Amino acid sequence: MNRELTTKEQKVIDEFEAARPGLGAIAETNIRNNHLTGWADIIADTPEDELVAGEGFASNSFMYRSLG
């Protein structure tokens, strides 16, 4: 049975969805599969003000969005 998401978990989903439509669903799946991904644990340990989408550049020069 699916548990209710925490406020911080929902914020992560919303940030990913705002960054790119469709990523919110992937983030939710990763949060709900915490036993495999550790996402819920990481989110719980991260201060809420750091849970924001940002942009950056990877070493391969492709632009990407990240959380944190």
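**Entry 1: glutamate 9**

I started with glutamate 9, which is buried, with a relative accessible area of 4%. I am working from a predicted model, so I keep in mind that side-chain atom pairs count only at pLDDT 80 or more. Glutamate 9 sits in helix α1.

Which residues does glutamate 9 touch, leaving aside its neighbours within four places in sequence? I found Arg3, Ile31, Ala40 and Ile43. Arg3 is the one I followed up: arginine 3 forms a salt bridge with glutamate 9, and their closest N and O atoms are 2.8 Å apart.

Next I checked how open the partner is. Arginine 3 counts as partly exposed, at 39% relative accessibility. I noted the pair as a buried glutamate 9 joined to a partly exposed arginine 3.

**Entry 2: the other salt bridge**

How many salt bridges are there by this rule? The count comes to 2, so I went looking for the partner of the arginine 3 and glutamate 9 pair. I found it between the side chains of glutamate 28 and arginine 32, at 2.9 Å from N to O.

Where do these two residues lie relative to each other in helix α2? They are 4 residues apart there, and therefore about one helical turn separates them. I looked up exposure for both ends. Glutamate 28 is partly exposed, with a relative accessible area of 28%, and arginine 32 is also in the partly exposed class, at 29% relative accessibility.

A reminder to myself: side chains of opposite charge can pair when their charged atoms come close.

**Entry 3: lysine 8**

I then turned to lysine 8, which is in helix α1. Lysine 8 is buried yet has no salt bridge. Which side chain of opposite charge is nearest to lysine 8, and how far away is it? It is glutamate 48, at 6.4 Å. A salt bridge needs the nitrogen within 4 Å of a carboxyl oxygen, so I left this pair out of my list.

What does the lysine 8 side chain reach instead? I found the backbone oxygen of threonine 46, at 2.6 Å. Leaving aside neighbours within four places in sequence, lysine 8 is in contact with Ile43, Ala44, Thr46, Glu48 and Leu51.

I picked Ala44 from that list for a closer look. Alanine 44 belongs to helix α4 and is exposed, with a relative accessible area of 54%. Alanine 44 and lysine 8 are 36 residues apart in sequence, while their C-alpha atoms are 7.4 Å apart in space.

**Entry 4: the nonpolar core**

Which residues make up the largest nonpolar core? I listed 9 of them: Leu5, Val12, Ile13, Phe16, Ala27, Ile31, Ala40, Ile43 and Leu51. Helices α1 (7-19), α2 (23-32) and α4 (39-45) each supply at least two residues of this core. The largest share, 3 residues, comes from α1.

I followed isoleucine 13, a core member found in helix α1. Isoleucine 13 is buried, with a relative accessible area of 7%. Not counting residues up to four places away in sequence, isoleucine 13 touches Leu5, Gly24, Ala27, Glu28 and Ile31. I recognised Glu28 from the salt bridge with arginine 32. I also looked up a C-alpha separation: isoleucine 13 and asparagine 30 are 17 residues apart along the chain and 9.9 Å apart between these atoms.

Alanine 27, another core member, was my last stop here. Alanine 27 touches Ile13, Phe16 and Trp39, again not counting residues up to four places away in sequence.

**Entry 5: the whole chain**

To close, I stepped back to the overall layout. What is the pattern of the protein, read along the sequence? I wrote down α-α-α-α-β-β, which comes to 4 helices and 2 strands.

Of the 68 residues, 26% count as buried; glutamate 9, lysine 8 and isoleucine 13 are among the buried residues I had visited. The protein exposes about 4900 Å², and carbon and sulfur atoms supply 53% of that. For contacts between residues at least 6 apart in sequence, I noted that 38% join residues at least 24 apart.

Key. Residues are numbered from 1 along each chain as its sequence is written. This is a predicted model: local features need pLDDT of at least 70, side-chain atom pairs count only at pLDDT 80 or more; totals for chains, interfaces and linings use all residues. Side-chain values use heavy atoms; hydrogens and water are left out. A nonpolar core is a set of buried Ala, Val, Leu, Ile, Met, Phe, Trp, Tyr and Cys residues joined through side-chain atoms within 4.5 Å. Buried means under 20% relative accessible area, exposed over 50%, partly exposed in between (1.4 Å probe, protein chains only). Contact means heavy atoms within 4.5 Å. Lys and Arg count as positive and Asp and Glu as negative; His and the chain ends are not counted. A polar contact is a pair of N or O atoms within 3.5 Å; within protein, one must be able to donate a hydrogen and the other to accept it, and residues adjacent in sequence count only if both atoms are side-chain atoms. Accessible areas come from the Shrake-Rupley method with a 1.4 Å probe; for residues, only the protein chains shown count as cover.
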